[in-house]
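Reader: I should like to learn how burial and covalent links are read from a model. Please take me through an example.

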Amino acid sequence: MALLIPLFCAACAQTDLPRLEAAAASLGTSQAIPALPPLPADCRKHARSGIKEGDRLDVALLKADDALTRQNARTTRCADWYEGVRG
């Protein structure tokens, strides 16, 4: 029993204190960040152009441009939402 006490104390002296402090700080920081709410359903939608075979080229271009405009607006709304939640 008397030999176990010095052995225990010697083992404690070998801990890497800076590494332990860094791990504790990292754990504390990760637990301090609140969980973000789920994304709005609109942010998960995908846009399709709706172009069909046989559409005239000018109509196809207008459909593709409209779909791209909708998707860009959705991306902006979702980014603004995320910035608002994060801030």
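Author: Let us begin with one cysteine: Cys43 has 21% relative accessibility and therefore counts as partly exposed. The term depends on cut-offs: buried is under 20% relative accessible area, exposed is over 50%, and partly exposed lies in between, with a 1.4 Å probe and protein chains only. This is a predicted model, in which local features need pLDDT of at least 70 and side-chain atom pairs count only at pLDDT 80 or more, while totals for chains, interfaces and linings use all residues. Residues are numbered from 1 along each chain as its sequence is written, and side-chain values use heavy atoms, with hydrogens and water left out.

Reader: Is Cys78 buried or exposed?

Author: Cys78, at 13% relative accessibility, counts as buried. Of the 87 residues in the protein, 5% are buried.

Reader: How many disulfides does the structure hold?

Author: A disulfide is a pair of cysteine sulfur atoms within 2.5 Å. The structure holds 1 disulfide. Cys43 and Cys78 form it, with 1.9 Å between their sulfur atoms. The link is left-handed, at -115 degrees about the S-S bond. Cys43 lies in the loop between α2 (17-32) and α3 (57-86), and Cys78 in helix α3, so the pair ties together parts 35 residues apart in sequence.

Reader: What pattern does the protein follow along the sequence?

Author: Helices (H or I, at least four residues) and strands (E, at least two) are DSSP runs, numbered from the N terminus. Here the pattern is α-α-α, with 3 helices and 0 strands.
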